[in-house]
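Let's take a walk through a protein model together. Have a look at the picture below, and then we will start with a pair of helices.

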Amino acid sequence: MKAAARSLFAERGIEGTTVRDILTVAGEKNGASLNYYFRSKEELIRELTVDVFRLMDDRWNAQLAELDRQGRPLDIRDYVRILVTSSDTSDVEDEPTTARLSEAITHHRYHLVREILKEHRLNAYDVILGRIAALMEDMPRPILRQRLLLLTRYLSSVFALYEASRASNAQPRSVQLPQGADLGNLVDTAVGILTAPVVDADPGEG
């Protein structure tokens with residue numbers, strides 16, 4: 001049932017998926033099955049949220065540990081590359097849904113995401129953003145906070161679109177990314193979001 005829900009939430013979004021849809025795809029004839037296993041659709045969403053962000057936290061932590069083992073000075077690009085290379089989960093999922101599911105849950109249940117990250121101590125993403133922020137001490141804090149949010153939304157959206165294009169076997173040029181190749185251009189544009197010159201900042205903001 002969780003697999004059916006993951007697929008449907010990834011394809012149709014959380015609000016566009018009903019309990020009946022999940023039961024139908026899961027092949028459950030008993031209309032009370034979801035409530036029996038998960039108590040409610042919201043509890044099912046909670047379990048999937050834990051699964052998705054635990055997977056991503058493990059990937060981020062593994063790459064952070066590898067960077068730290070290198071014992072060299074690290075820059076913004078090093079941390080952005082972790083976020084980029086971790087976002088494509090096709091290496092661990094036969095039918096990837098994590099990018100779209102993460103996007104859907106974050107968009108519709110942001111407070112739930114923050115609650116679960118704190119409850120389960122899934123803090124690798126915050127560690128990465130904190131290290132990036134420490135390398136950008138000269139940027140005004142309100143601008144930096146906004147750019148970190150833009151970075152998050154940019155990568156989340158790009159990989160959700162990329163995953164959707166692969167799931168449908170369509171490769172529109174607007175979301176096509178090289179498979180098995182260096183994602184340097186995506187890293188470059190993500191770094192650019194963070195480091196572009198501050199030109200039109202409102203001095204009173206924040």
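**Two helices that cross**

Helices H5 and H10 are oblique to each other. To see why, look at the angle: the axes of H5, residues 76-87, and H10, residues 184-195, cross at roughly 125°. An angle counts as oblique when it is neither under 35 degrees, nor over 145, nor from 65 to 115, and therefore this pair gets that label. Keep in mind as you explore that this is a predicted model.

Why give an angle at all? Two packed helices are described by the angle between their axes and by the distance between those axes. For our pair, the axes come within 9 Å. The crossing also has a hand: H5 passes H10 in a right-handed way.

Now zoom in on the place where the two helices touch. Which residues of H5 take part? They are Ile-76, Arg-77, Val-80, Arg-81 and Val-84. Across from them, H10 contributes Gly-184, Leu-186, Val-187, Asp-188, Ala-190, Val-191, Leu-194 and Thr-195. Sorted by class, this contact between H5 and H10 has 8 nonpolar, 2 polar and 3 charged residues.

Next, step back to the whole chain. How many helices and strands does it have? There are 10 helices and 0 strands, so following the chain from the N terminus you meet α elements all the way, α-α-α-α-α-α-α-α-α-α.

Finally, consider how the chain folds up on itself. Among contacts with a separation of 6 or more, 72% are between residues 24 or more positions apart. Of the 206 residues, 42% count as buried. The accessible surface of the chain is about 11700 Å², and carbon and sulfur atoms account for 50% of that.

Key
Residues are numbered from 1 along each chain as its sequence is written. This is a predicted model: local features need pLDDT of at least 70, side-chain atom pairs count only at pLDDT 80 or more; totals for chains, interfaces and linings use all residues. Side-chain values use heavy atoms; hydrogens and water are left out. Axes are lines fitted to C-alpha atoms, for helices over the stretch in contact, and angles run from 0 to 180 degrees between N-to-C directions. Helices (H or I, at least four residues) and strands (E, at least two) are DSSP runs, numbered from the N terminus. A crossing is left-handed if the near helix is turned anticlockwise from the far one by less than a right angle, and right-handed if clockwise. Contact means heavy atoms within 4.5 Å. Ala, Val, Leu, Ile, Met, Phe, Trp, Tyr, Cys and Pro count as nonpolar, Asp, Glu, Lys and Arg as charged, and the others, Gly among them, as polar. Buried means under 20% relative accessible area, exposed over 50%, partly exposed in between (1.4 Å probe, protein chains only). Accessible areas come from the Shrake-Rupley method with a 1.4 Å probe; for residues, only the protein chains shown count as cover.
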